[in-house]
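Reader: Please take a close look at one part of this model for me, the place where two chains meet, and then tell me about some other parts too. I would like the cut-offs for the terms as you go.

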Amino acid sequence: MNRLKNRIFTITVWTVALCVILFVFALLLLILERGFPSLTWDFLFGLPSEIEEGGGIGPALFNSFYMLFLSMVIAVPLGIAAGIYLAEFAPDNAWIAMVRICVEGLASVPSIIFGLFGIALFVEMFQLGLTILGGAASLAFLNLPVITRVTEEAIRAVPREWRHASFALGATHLQTIRRVLLPASMSAIITGLSLASGRAFGESAVIILTAGVTTSGVMWDFNLLSPGETLAVHLWYVQSEAIVPDAQQISQKSAAVLLFIVLAFNVVFRIPAWVRDFRIRKAA
Amino acid sequence: MQALIEIERLNLFYGSFHALKNISMDIPEKAITAFIGPSGCGKSTLLRSLNRMNDMIPGTSTHGSIKIAGADIYGKDIDVEALRKNVGMVFQQPNPFPKSIYDNVAYGPRLHGITSRHKLDEIVESSLRGAALWNEVKDHLKRSALSLSGGQQQRLCIARALAVEPDVLLMDEATSALDPISTLKIEELAQELKAKYTIVMVTHNMHQAARVSNQTVFFLNGEVVEYAETEKLFSNPQDQRTEDYISGRFG
Amino acid sequence: MKKWIKSLGIVTMAVAFAAAGVSEAGAASSLSGKIVVNGSSALLPLTLQAASEFKKLNPKVKISASAAGSVTGPQSVRKGIADIGACDWDASTDVPGFKKFEGQVANPVAVIPFAAVVNKNVKVESLTNKQLADIFSGKITNWKDVGGSDADIVVVNRAFGSGTRVNFQMKALNGTEFMSKGDNYKEVKSSGDMKTAVDTTPNAIGYLDLVYVTGSIKALKINDVAPTEENVINGKYKVWGYGYYMTKGEPTGATKAFIEYVQSAKFQNGSLKKLKFIPLSAMKK
Amino acid sequence: MSESTSASNRTLAVSGQPGNGIRIGNGRMLDRKNRLRIYNRSFRIVCVASAVFVCLILLSILFFMFRTGILTFRSVPASTFFFSTNWDPENESYGAFLFIFGTVALTALTLAISVPISLFVAVFLSEAAPRWLSNALRPVLDLLVGIPSVVYGFLGLTILIPLLRDITGRQLTDGLLAAAIVLSIMVLPTISRISDDAISAVPAKFKDASYALGATRFQTVFRVMLPSARSGILYGIILGMARAIGETMAVVMVVGNTPQLADSLFKPTSVLTSNIVMQIPNVPFDSTWNYALYLMGFLLLVISLLMIVVIRVLQKKGVKA
């Protein structure tokens with residue numbers, strides 16, 4: 001009886017998992033296959049067109065990276081420092097527990113709310129108009145809760161013995177955090193960051209509202225006050241409003257490019273952790 | 001022998017729990033003092049008071065005084081980091097950092113401002129020699145410390161503690177997670193180290209206390225029941241409870 | 001008020017000179033400023049195209065455009081967060097569902113024809129205004145009642161506030177209220193979604209700007225008049241509207257120059273036509 | 001090494017004096033000590049300030065939503081808003097119950113589909129599959145998280161809905177089921193990867209103990225691994241749930257966006273997020289309608305907070321039991 005159950009269980013696990021995996025691969029292949037074969041450099045770096053076929057995504061692609069970079073510059077230090085506070089310094093009381101739950105809850109607020117908040121703050125209050133700066137800051141707000149929670153969880157997961165060992169050697173709190181806790185939790189934090197950047201990269205609602213659907217129309221525009229359409233927004237625009245005859249192809253190609261970049265994030269962010277794991281395993 | 005650590009009327013509470021009750025004792029320098037007693041008797045708590053690791057447990061309050069080399073370590077102007085540097089500690093579970101062997105030993109000196117590669121190399125070698133580990137690891141200092149065996153890891157932790165040149169070494173059941181051979185090695189090591197360091201060890205294992213220590217303190221329910229030369233305490237205990245404990249009637 | 005007001009004349013000239021040129025006229029312009037356009041997403045392609053041409057002529061002018069829905073346009077203008085509010089109806093007058101915006105000026109920029117569209121499996125070719133109104137208000141629910149095969153009608157509607165919806169309701173349905181519930185009724189967010197939904201759902205009916213009617217989707221005749229540019233211009237096809245740029249009072253400065261550029265013959269007969277909108281001048285005859 | 005502890009010269013360097021081993025110039029040692037202390041102090045201040053700043057931003061978002069949303073009640077009684085299913089703002093009817101119901105039902109349905117599958121995948125990755133295979137598959141699953149939701153929605157609209165139509169024979173298959181399937185695919189990587197990490201982190205000794213007692217793999221997984229990893233799995237489910245509650249762009253494309261109570265899996269309906277996204281760009285700024293949409297945003301937050309609290313409580317009880 002037990003053996004039968006076990007058999008059935010093993011078979012189910014394999015079947016379900018293999019189905020899911022096949023499905024996932026099919027999905028990824030579908031997206032890549034629809035867009036990849038026709039990708040060209042002209043498309044990647046060219047200027048978009050409203051009338052003719054063959055418009056590119058250059059400025060949008062650039063804005064995607066630029067805005068992601070800016071939002072991370074804002075959100076990462078703040079989020080990590082706040083996460084450290086919650087994990088290391090915060091008193092254990094009801095207030096902090098509430099803050100924690102709120103932070104977690106904000107992760108499930110639809111991103112459009114962050115967009116509306118961004119409008120209220122940057123467009124109405126500071127009168128900036130639709131800018132890269134406003135978009136990046138709103139994106140940063142969107143990612144703050146995630147980064148804060150991920151950092152807190154990661155630091156809490158560091159075995160207590162290591163902290164004790166460090167303190168027992170006369171380390172200050174800062175030294176312990178910097179030399180033991182952060183290195184030990186780095187791989188989890190980086191996983192979190194790569195998830196957050198993937199989300200920021202694919203986010204459209206926030207940016208439509210705060211950075212607009214235009215680019216400044218030239219490549220390599222670093223001006224913080226330029227309008228900042230990103231690739232995901234361009235994908236949305238092309239799919240929902242554009243009139244160009246090749247809208248379908250542009251949206252498929254953009255989706256493939258987005259996916260490919262997120263893939264690259266995942267790989268690049270993880271290389272350090274992989275290298276370290278590999279070293280440890282080799283040594284063991 | 002000169003007393004290095006003087007404890008006077010020490011009372012410690014975890015919240016409302018009275019963990020240490022009115023403890024007074026002198027611990028001599030360059031000798032091994034063993035704390036024995038059943039679980040929860042307060043022996044580890046007292047040990048952790050000696051380098052103020054109890055500070056890290058919220059809700060702990062300490063009354064009375066502990067003087068080390070004449071300085072009241074719970075006094076107002078105490079630099080806790082400097083205290084912990086001078087009072088090293090080895091824990092029950094070997095707890096090397098997930099870094100290389102070298103970086104583990106060099107961790108402490110680096111904390112305290114040593115950056116010269118040459119100097120660090122020297123400290124790492126002498127500390128590892130001091131912990132009787134040098135010959136086993138000298139060819140692969142760059143390996144992860146987690147790849148060492150449990151006994152080796154514990155000696156690495158001792159080396160790490162020695163690297164900041166403490167006066168006192170606290171060992172909190174440092175062999176309880178190890179196999180007999182590794183335990184023996186650590187015990188031998190402790191015997192060598194007492195020439196230079198004042199060692200205070202907590203142990204569950206009465207035989208270990210009998211084998212290794214010069215003085216033994218028997219704790220029960222947060223109180224010191226008996227404090228004597230090890231030989232005397234085990235051969236001729238003055239208190240009935242001590243006798244019951246060492247003859248294995250409880251604990 | 002500001003320096004660039006004086007240079008308006010020069011700008012108009014520059015626009016005129018730029019008829020064939022690309023950027024040599026750009027250097028001549030000293031117009032500067034910032035224009036924020038918000039509002040209708042249907043007018044967005046037009047705005048984007050005009051903005052990129054205008055920026056070539058006036059490199060010092062920054063134009064940022066975004067789009068949410070038509071009503072966002074005049075609202076943003078009222079709040080002062082946009083200089084131009086693109087809107088698919090004249091927001092300075094009352095329309096079904098929306099009160100007029102006081103003090104705003106409607107600057108027409110394009111003629112937009114709308115078409116009722118159906119999935120390619122629908123056999124019906126033409127509907128009357130009455131039939132359309134009955135279908136979209138939920139009174140007629142089967143294609144056989146309007147001469148098609150026996151199948152339930154799937155109604156796809158744009159969300160409230162869409163300019164296309166307002167225009168279609170006023171001009172094709174004679175102001176009849178839309179249905180809002182039912183097993184075979186859904187709403188979509190944008191023209192692109194509308195097109196995909198009607199294209200992939202058998203027996204579906206919806207409506208679109210004529211521009212988006214391409215591929216396998218089928219545009220219906222209304223009262224036996226086909227929705228073509230020609231029929232709009234000659235007045236036979238009634239379902240069309242102006243696209244407007246709303247401004248707070250009469251436009252000034254860079255904003256004025258930009259609107260003038262969009263209304264200029266060069267843009268109207270060039271890019272605007274290529275975008276498949278109908279030039280304003282065609283209707284004024 | 002520690003000659004300074006000899007009887008004649010016994011000091012313990014605990015108040016800033018140089019340590020007796022590491023000898024650096026007296027002054028420099030003091031400087032360093034002070035510098036460390038200042039660093040330590042200022043780092044703490046930086047952390048506290050960041051936390052305060054993060055809280056401020058988050059609180060102002062909460063406040064912003066709450067302040068705007070609460071204005072709804074100036075013209076709509078709370079009982080109507082929460083319990084009426086009649087949402088017809090053009091005619092001044094603001095009953096949001098159908099959206100609340102839709103969100104809760106959609107989330108429950110999504111979890112019902114995705115949790116079992118995710119757990120199977122997690123068990124597969126952590127227990128059943130050969131190591132090389134899991135190592136290759138994990139990043140692939142992570143990748144799914146990064147696909148923009150617009151793309152999921154588009155695939156749902158063009159592939160899933162026609163498929164459902166063929167299966168059911170209905171005209172219109174937009175609705176809760178279609179949305180739940182799309183969402184399940186979207187949350188699957190989150191739940192399965194976090195559960196996978198949690199199961200992998202269960203100490204090997206538990207597993208060994210179970211096998212040593214003659215348990216089969218089935219018994220070990222269900223009686224030892226899953227219970228030990230429960231807290232991590234719950235965390236994964238919370239995250240997945242948060243995503244399911246808050247997802248908009250994908251849901252909007254397949255749910256139908258019709259303000260009617262979903263009494264069947266295939267009835268076009270609307271949930272809080274999709275209704276907000278559909279309508280907020282198009283309503284006048286200072287209208288009850290606009291306020292009601294903000295209130296729905298706030299409600300969304302409250303619902304997810306409640307769910308988080310409930311799960312936290314369950315989790316604590318589970319640990320105690």
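**A contact between two chains, and its surroundings**

Author: Happily. Chain A and chain B bury about 1,900 Å² between them, and carbon and sulfur atoms account for 69% of that; buried area here is the accessible area (1.4 Å probe) that two parts lose on being put together, summed over both. Across this interface the rule finds zero salt bridges, a salt bridge being a side-chain nitrogen of Lys or Arg within 4 Å of a carboxyl oxygen of Asp or Glu.

Before going on, please keep in mind that this is a predicted model, where local features need pLDDT of at least 70, side-chain atom pairs count only at pLDDT 80 or more, and totals for chains, interfaces and linings use all residues. Residues are numbered from 1 along each chain as its sequence is written, chains are lettered from A and ligands numbered from 1 in the order in which they are written, and side-chain values use heavy atoms, with hydrogens and water left out.

Between chain A and chain B there are six residue pairs in polar contact, both residues at pLDDT 80 or more. A polar contact is a pair of N or O atoms within 3.5 Å; within protein, one must be able to donate a hydrogen and the other to accept it, and residues adjacent in sequence count only if both atoms are side-chain atoms. On the side of chain A that touches chain B, at least two residues each come from α7 (160-168), α8 (173-202) and α11 (247-283); helices (H or I, at least four residues) and strands (E, at least two) are DSSP runs, numbered from the N terminus. The largest share, eight residues, belongs to α7(A). By class this side holds eleven nonpolar, six polar and three charged residues, where Ala, Val, Leu, Ile, Met, Phe, Trp, Tyr, Cys and Pro count as nonpolar, Asp, Glu, Lys and Arg as charged, and the others, Gly among them, as polar. In all, 20 residues of chain A and 25 residues of chain B take part in the contact, which means heavy atoms within 4.5 Å.

Chain A also meets chain D. There, 76 residues of chain D touch 72 residues of chain A, and about 6,600 Å² is buried, 81% of it on carbon and sulfur atoms. Here too the rule finds zero salt bridges, and one residue pair is in polar contact, both at pLDDT 80 or more. Helix α1 (residues 26-70) of chain D gives the most to its side, with 20 residues. That side of chain D has 58 nonpolar, eleven polar and seven charged residues.

Within chain A, ten of the ten residues of helix α10 (residues 231-240) are buried, so this helix is largely enclosed by the rest of the structure; buried means under 20% relative accessible area, exposed over 50%, partly exposed in between (1.4 Å probe, protein chains only). Among them are A:H234, A:W236 and A:Q239.

Chain C has an enclosed helix as well. Eight of the eleven residues of its helix α9 (residues 253-263) are buried, so α9(C) is largely enclosed by the rest of the structure; C:F258 and C:Y261 are among them. Of the 285 residues in chain C, 60% are buried, and its secondary structure comes to twelve helices and eleven strands. One buried residue, C:V77, has a relative accessible area of 2% and sits in helix α4 (residues 72-79). Leaving aside neighbours within four places in sequence, the contacts of C:V77 include C:I84, C:Q104 and C:M246.
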